[in-house]
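Student: Could you take me through the surroundings of the ligand in this model, with attention to the contacts and to the elements that supply them?

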Amino acid sequence: MRLKDKIVVLTGAASGIGRATATLFAKEGATQILSDIDEKGLNETYKLIDDNAKARTKIIIVDVRNQDEVKAMIDLTIEKFGRIDVLVVNAGVVRVGDVESFPDSDLDLLINVNIKGTHYTCKYAVPYFKKQKFGTIITLASVAAHIGQIAHANYCSTKAAVLGYTRALALDLAPYNVRVNSVSPGATDTPMLQSDVAKQAKDRGLLYEEVKREFEQEGVMGRWAKAEEISTGILFLATEESSYMTGADLRLDGGWVAR
Ligand SMILES: NC(=O)c1ccc[n+]([C@@H]2O[C@H](COP(=O)([O-])OP(=O)(O)OC[C@H]3O[C@@H](n4cnc5c(N)ncnc54)[C@H](O)[C@@H]3O)[C@@H](O)[C@H]2O)c1
């Protein structure tokens, strides 16, 4: 088991990539604090975790936009386990639309969850990482941080921010023996991507399947990733198999950027 005795904190665990990562990490022996804003989804994730691992899994409702809630999650982890070995900063949202009609409320949401939420999650964990002098942080950037996507200007900018944040934090924490890396998934079959495609189809007067096909053709592999194919990359960054990686981005994009 590659994460035996490791203490993991993971945000956005109620769905998609977060759920796949939580279930994989559970199989790999991790002790986990799983959080999300979505209580129902979080309970479903918990049910998917095999019975042996349930005893080392705790779920907690956290809105990453709320500093008090994020702090409580980190404090709880330290109180119960005394340390954090792996922090997976996964919670995120997408909003799609042309810039001229993009609602301010959607822009605020993107900034508050993707940028500020990433920062708050790291902010409250960093003092413990510095003190313990080990650990690894994994953020979720995106292929959208590397290329432009139609009708995604604001999503792309928030994910580019995550990439920059990750690189800079890696420099700050390197003297403390703490590694910080990001993962950049391409089109991954989760509720997020499905809602993104549905919205684009509606806005452009196309069928869902037509927009889906466009996304599938973006990578050279001609298909979407399964969430499990992203979680294995996150696992790699969580273990000592990636011991010489920091400030790096692991692109799991089916060849999208290579095209
Ligand atoms: N699916 C893709 O194609 C894709 C591609 C690149 C990057 N990503 C990134 O991967 C991460 C996971 O995305 P996913 O595809 O699994 O999406 P998803 O929508 O399936 O899951 C995201 C989770 O984040 C949670 N969340 C949203 N706002 C929150 C908040 N304020 N506080 C706490 N939790 C909150 C949601 O409830 C949900 O459970 C995101 O950061 C996303 O931007 C996804």
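Tutor: In this predicted model, the ligand is surrounded by 30 residues, and the closest of them are Ser15, Ile17, Asp36, Tyr155 and Thr190. Two of these closest residues also appear among the polar pairs: a backbone N or O atom of Ile17 lies 2.8 Å from an oxygen atom of the ligand, while an N or O atom in the side chain of Tyr155 is 2.7 Å from a ligand oxygen atom. To these one can add Thr188, where a polar backbone atom is 2.8 Å from an oxygen atom of the ligand. Taken alone, the ligand would expose 820 Å², and the protein buries 92% of that area. The space that the ligand takes is the largest pocket.

Turning to secondary structure, at least two residues of the shell around the ligand come from each of α1 (16-27), α6 (153-173) and α7 (191-204). Among the contributions to this shell, the largest share is that of α7, with 3 residues.

A word on the cysteines completes the picture. Cys122 has 0% relative accessibility and therefore counts as buried, the limit being under 20%. Cys156 reaches 11% relative accessibility, which is also under 20%, so Cys156 counts as buried too. As for covalent links between cysteines, a disulfide joins the sulfur atoms of two cysteines by a covalent bond, and a search of the whole structure finds 0 disulfides.

Key: Residues are numbered from 1 along each chain as its sequence is written. This is a predicted model: local features need pLDDT of at least 70, side-chain atom pairs count only at pLDDT 80 or more; totals for chains, interfaces and linings use all residues. Side-chain values use heavy atoms; hydrogens and water are left out. A disulfide is a pair of cysteine sulfur atoms within 2.5 Å. Buried means under 20% relative accessible area, exposed over 50%, partly exposed in between (1.4 Å probe, protein chains only). A residue is near a molecule or strand if one of its heavy atoms lies within 4 Å of it. A polar contact is a pair of N or O atoms within 3.5 Å; within protein, one must be able to donate a hydrogen and the other to accept it, and residues adjacent in sequence count only if both atoms are side-chain atoms. Accessible areas come from the Shrake-Rupley method with a 1.4 Å probe; for residues, only the protein chains shown count as cover. On a 1 Å grid over the protein atoms alone, a cavity is a set of points where a 1.4 Å probe fits but cannot get out, and a pocket is an open set with protein on both sides within 12 Å along at least five of seven lines; lining residues have an atom within 4 Å of a point. A molecule sits in a cavity or pocket if more than half of its atoms lie within 2 Å of its grid points. Helices (H or I, at least four residues) and strands (E, at least two) are DSSP runs, numbered from the N terminus.
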